[in-house]
Amino acid sequence: MTMSNIPNSSSNQEPRLQIRGLAGSEIRKVANGAMGRPDVLPFWFGESDQATAPFIQQAAIESITDGETFYAQNLGRPYLREAIATYLSNLHDKQISPESIVITASGVSGLMLTGQLLLSPGDRVVAVTPIWPNLVEIPKILDAHVERVSLDVTDGRWALDVGKLLEALTPDTRLLLLNSPNNPTGWMIDQESIDIILAHCRQYGIWILADDVYERLVFDPNLRSAPSFLRSAQPGDRVISVNSFSKAWTMTGWRVGWMVVPTELAPDMAKLVEYNVSCVFEPVQRAAYAAITKGEKTIADLRSHLLHTRRILLDGLRELPGVEVPDAGGAMYAFFRIQGHTDTLALANQLVDQVGLGLAPGAAFGPEGDGWLRWCHAVQPDRLVMGLERLKRFMS
């Protein structure tokens, strides 16, 4: 074939339209230009400002020193799968088999693997929103269609209209996406609603993807974890739980998580892991093992810290005129709005430029979030006080 015979249309050089049509991160639009600026207080990302606990770091260091730098099993080392199964069985009073555990290279990798496993072009997906954008953009990469069911503010709290959600979960729905405690609002589902939704999805054969990354970060001291679909699921139910070490164990940069899948799907998940990342680096798995087996105090300390910082932030915000901050049950955020501001991407940029305050624009989490701002409070209290002073100065 001569050069003149080679197709040269622009369409052959373009990415797929579905990729071009993905929403870029509006958090990054605000943060990228200001990251590293000493005059900016950053609260835009969802992570603690505390480094990973030393005993977790040490587990990885010892693994590297011991030469554990080779390929591991696709589904993860058996010692880690067994430890996570034991942890979840105790947490949810439900026997979880190690054969149902898949170790993933981050929670978001688990979300993508679930989409690759379940979704075909044209499939209908329903998501409870506002929500972390990765959850609703991943199905679009796979040519699926996403319908949104928004949370509401009822009596000063974020709430889900379960009846409205059930109406959206029609027989032609392939997958429900639900994140609780929710990023960005902090909303947390109750066990009764879980049972209602699970029964409905069971009737129509709808898969449920539960993003459980914040399940340990709840504000009720009587709850060890958030209500869970794992607790209610029966053999044969179409439920997949995705979780991560990032939040509760302050391991965001380690990129390690897990999935709980029906055991009969584990061989298929092994193939998908192979074709995506092959396996998770063993020193990271050693660190994850240390976290899951010895990290309860780490979680308890973080929860206590979040209770304290949340109170500082909410009290400070509610003292400002025209600020609405609905209450919520978990996670590490305040999702609030300021009267008179509807374009929160513009507002977030103004806050950076005028007073050096870095917040996430609510529109990053979907159209339901526009008009709102997300503030991560997993930081030292004095930084929150400084941030509140900057917001007060901006509003003055």
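Let's start with one pair of side chains. R37 forms a salt bridge with D39. Their closest N and O atoms are 2.8 Å apart. Keep in mind that this is a predicted model.

How exposed is each partner? R37 has 29% relative accessibility, so R37 counts as partly exposed. D39 has 39% relative accessibility, and therefore D39 counts as partly exposed too.

Now, the wider charge picture. Side chains of opposite charge can pair when their charged atoms come close. How many salt bridges does a search of the whole structure find? The count is 17. I'll take two more of them.

Next pair: E282 and R77. These two form a salt bridge, and the closest N and O atoms sit 2.7 Å apart. What does this pair link? Distant parts of the chain. E282 is in helix α11. R77 is in the loop between α3, residues 54-65, and α4, residues 78-92. That puts the two partners 205 residues apart. E282 has 5% relative accessibility, so E282 counts as buried. There is also a network here. Salt bridges link E68, R77, E282 and R286.

Third pair: R224 and E296. Their side chains meet in a salt bridge, at 3.7 Å from N to O. This pair, too, links distant parts of the chain. R224 is in the loop between β8 and α9. E296 is in helix α12, which covers residues 296-318. The two are 72 residues apart. With 39% relative accessibility, R224 counts as partly exposed. E296 has 31%, and E296 counts as partly exposed as well.

Now step back to the whole chain. How many helices and strands are there? The chain has 14 helices and 15 strands. The radius of gyration is 22 Å, close to the 21 Å that the globule rule gives for 396 residues, so the chain is as compact as a globular protein of that length. Along the principal axes, the C-alpha atoms fill a box of roughly 60 × 60 × 50 Å.

What share of the chain is buried? Of the 396 residues, 55% are buried. Contacts tell us about the fold as well. Take the contacts with a separation of 6 or more: residues 24 or more positions apart account for 74% of them.

One note from the records. An unreviewed UniProt entry places the feature "domain: Aminotransferase class I/classII large" at residues 46-390. In the model, that span is 41% helix and 17% strand. The C-alpha atoms at its two ends lie 20 Å apart.

On to E215. Where is this residue? E215 is in the loop between β8, residues 207-211, and α9, residues 229-232. Here is the point to notice. E215 is buried, yet E215 has no salt bridge. The nearest side chain of opposite charge is R216, at 6.4 Å. For a salt bridge, the cut-off is 4 Å.

So what does the side chain of E215 make a polar contact with? The side chain of H92, at 3.2 Å. Leaving out residues up to four places away in sequence, E215 touches L88, L91, H92, P181, S225, A226 and N243.

P181 is on that list, and P181 brings us to the backbone. A cis peptide bond joins S180 and P181, with omega about -10 degrees. P181 is in the loop between β7, residues 173-179, and α8, residues 191-204.

There is a cis bond between T129 and P130 as well, where omega is about 0 degrees. P130 is in the loop between β3, residues 124-129, and α6, residues 133-141.

Last topic: positive phi. Look at S106. Phi is near 110 degrees there, a positive value in a residue other than glycine. S106 is in the loop between β2, residues 101-104, and α5, residues 107-118. Is S106 buried or exposed? Relative accessibility is 3%, so S106 counts as buried.

Then S278. This residue is not a glycine, although phi is positive at about 75 degrees. S278 is in the loop between α10, residues 266-276, and α11, residues 282-294. Why does S278 count as buried? Because S278 has 19% relative accessibility, and buried means under 20%.

Conventions:
Residues are numbered from 1 along each chain as its sequence is written. This is a predicted model: local features need pLDDT of at least 70, side-chain atom pairs count only at pLDDT 80 or more; totals for chains, interfaces and linings use all residues. Side-chain values use heavy atoms; hydrogens and water are left out. UniProt positions are given in the numbering used here, feature names are shortened, and annotations may be inferred rather than shown by experiment. Helices (H or I, at least four residues) and strands (E, at least two) are DSSP runs, numbered from the N terminus. Buried means under 20% relative accessible area, exposed over 50%, partly exposed in between (1.4 Å probe, protein chains only). Lys and Arg count as positive and Asp and Glu as negative; His and the chain ends are not counted. A polar contact is a pair of N or O atoms within 3.5 Å; within protein, one must be able to donate a hydrogen and the other to accept it, and residues adjacent in sequence count only if both atoms are side-chain atoms. Contact means heavy atoms within 4.5 Å. The radius of gyration is taken over C-alpha atoms; the globule rule is 2.2 Å times the number of residues to the power 0.38.
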